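Thanks for coming, everyone. Please bring the model up on your screens, and we will walk through it together.

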Amino acid sequence: MSAVSAGIRFDAVTRTFPVRGRRGEVFTALDGFTLDVRPGELLSLVGPSGCGKSTLLDLLGGLSAPTSGSITLDGRPVEGPGLDRGIVFQQYALLPWRTAQGNVELGLEAKGLPRRQRAAAARDFLALVGLDGFEGRYPHELSGGMKQRVAIARALALDPEVLLMDEPFAALDAQTRESLQRELLRIWQATGKTIVFITHGIEEAVYLGQRVAVMTSRPGRIKHVVDVPLANRTADADIRTSPEFTALRHEVWALLQDEVRKAELLERPGRVSDLLDEKGEEVVGIG
Ligand SMILES: Nc1ncnc2c1ncn2[C@@H]1O[C@H](COP(=O)(O)OP(=O)(O)OP(=O)(O)O)[C@@H](O)[C@H]1O
């Protein structure tokens, strides 16, 4: 019943945007972004604000095309949106006039699944995300965490080969976020999907990812990929306080720290050219 999960290859992906009002000038959001995501892997992606994470997701979702370089899914080039990629955003984007069940069924209607099969599949996926018994609720009758569960069920119901998640838990309170993180690990283990999880949270990235890819400040590329060899994340309720976890969190934090500083400088017009060269590297010591 389940589609295979695909590997994703970003090969020297560059994305520029024309600068409005300045003919011929371009703004480089991503520059030579190269990364392999393994089939069935849960990979976290972190980077300073504005480094091009959402741009990357747009490209992977097929909503826009790279200026140069390529993105392939098991060797097939990404050439537009497709049901092989499910996307979950920070905002749940549920239809308010449809129940939880109706929202999950939506994509299945587009797929042309008969009504009974649709209803059964939607119930199964709502159960998978822990919403058994909430099928008839409308979005306004659900908490933020529950709405996000519906959004995850909706994406999974289409049986995509990869699931792309753009800060899906950022708007939730800390308790709900932690419980959804655990749920996501369980769902990932149950479905074997390839998941790319974009986040600002270092702890979240380390807790969820088998690897954490750290991006540079703009223009975004891969700075380093950190392996996260933690066993039994879901079994050990206290794993976040373990020495291994703390060391990994520190490693990602240290990698990110430099880039955040560079990103802050980029956002301060005037001083930037004094301190950074064209690639965003510091040319004089600061701080
Ligand atoms: N359509 C566009 N036209 C011009 N510039 C754009 C466009 N889309 C994104 N950018 C610019 O590209 C850069 C990267 O944006 P993007 O939203 O991908 O960053 P991000 O890493 O997701 O940021 P954040 O972490 O703050 O959400 C930003 O400076 C943004 O202003």
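I will take the sheet, then the ligand, then a few backbone details, and end on one helix.

A word of caution before we begin: this is a predicted model.

Start with the sheet. How many strands form it, and in what order? Four strands, running β2-β1-β4-β5. The sheet is open, and its pairing is antiparallel. At the edges sit β2, residues 26-37, and β5, residues 76-77. Each of these edge strands pairs on one side only. As general background, strands in a sheet pair through backbone hydrogen bonds, either parallel or antiparallel.

Now go pair by pair. Strand β1 covers residues 8-18, and eight bridges tie it to β2. Find Phe17, and you will see Phe27 of β2 opposite. Keep those two phenylalanines in mind. Five bridges link β1 to β4, again antiparallel. Here Phe10 has Ile71 of β4 as its bridge partner. Then comes the pairing of β4 with β5, antiparallel, over two bridges. Leu73 faces Arg76 of β5 there.

That last pair is a hairpin, with two residues between β4 and β5. Look at Asp74 in the turn. Its phi is positive, about 50°, and this is a residue other than glycine. Is Asp74 buried or exposed? Neither label fits: Asp74 is partly exposed, because 15 other C-beta atoms lie within 10 Å, and buried would take 20 or more.

There is another aspartate to look at. Asp159 also has phi near 50°, positive again without being a glycine. Where is Asp159? In the loop between α4, residues 144-157, and β7, residues 162-166. Asp159 counts 19 other C-beta atoms within 10 Å, so it is partly exposed.

On to the ligand. Which residues surround it? Our two phenylalanines are back: Phe17 and Phe27 are both in the shell. Ala29 is there as well. Then come Gly47, Ser49, Gly50, Cys51, Gly52, Lys53, Ser54 and Thr55. Arg218 completes the list.

Which elements give two or more residues to that shell? Those are β2 and α1, residues 53-60. The largest share comes from α1, with three residues. By character, the shell has four nonpolar, six polar and two charged residues.

Stay with Arg218 for a moment. The peptide bond joining Arg218 to Pro219 is cis, with omega about -5°. Pro219 lies in the loop between β9, residues 211-215, and β10, residues 222-227.

Last stop: helix α7, residues 243-266. How far apart are its end C-alpha atoms? They are 35 Å apart. The expected span is 34 Å, because 24 residues are taken at 1.5 Å a residue, and the two values agree. Even so, α7 has a kink of about 25°, centred on Leu256.

Leu256 is also one of the buried residues of α7. The others are Leu248, Val252, Leu255, Glu259, Lys262, Ala263 and Leu266. Notice that Glu259 and Lys262 are on that list. To read the spacing, remember that an α-helix has 3.6 residues a turn, so residues three or four places apart point the same way.

To recap: an open sheet of four strands, a ligand with β2 and α1 each giving two or more residues to its shell, a cis bond before Pro219, and a kink in α7 at Leu256. That's my tour.

Conventions
Residues are numbered from 1 along each chain as its sequence is written. This is a predicted model: local features need pLDDT of at least 70, side-chain atom pairs count only at pLDDT 80 or more; totals for chains, interfaces and linings use all residues. Two strands pair if DSSP finds at least two bridges between them. The expected span of a helix is 1.5 Å times one less than its number of residues. The bend at a residue is the angle between axes fitted to the seven residues ending there and the seven starting there. A residue is buried if 20 or more other C-beta atoms lie within 10 Å of its own, exposed if 12 or fewer, and partly exposed in between; C-beta atoms are placed from the backbone. A residue is near a molecule or strand if its C-beta atom, placed from the backbone, lies within 6 Å of it. Ala, Val, Leu, Ile, Met, Phe, Trp, Tyr, Cys and Pro count as nonpolar, Asp, Glu, Lys and Arg as charged, and the others, Gly among them, as polar.
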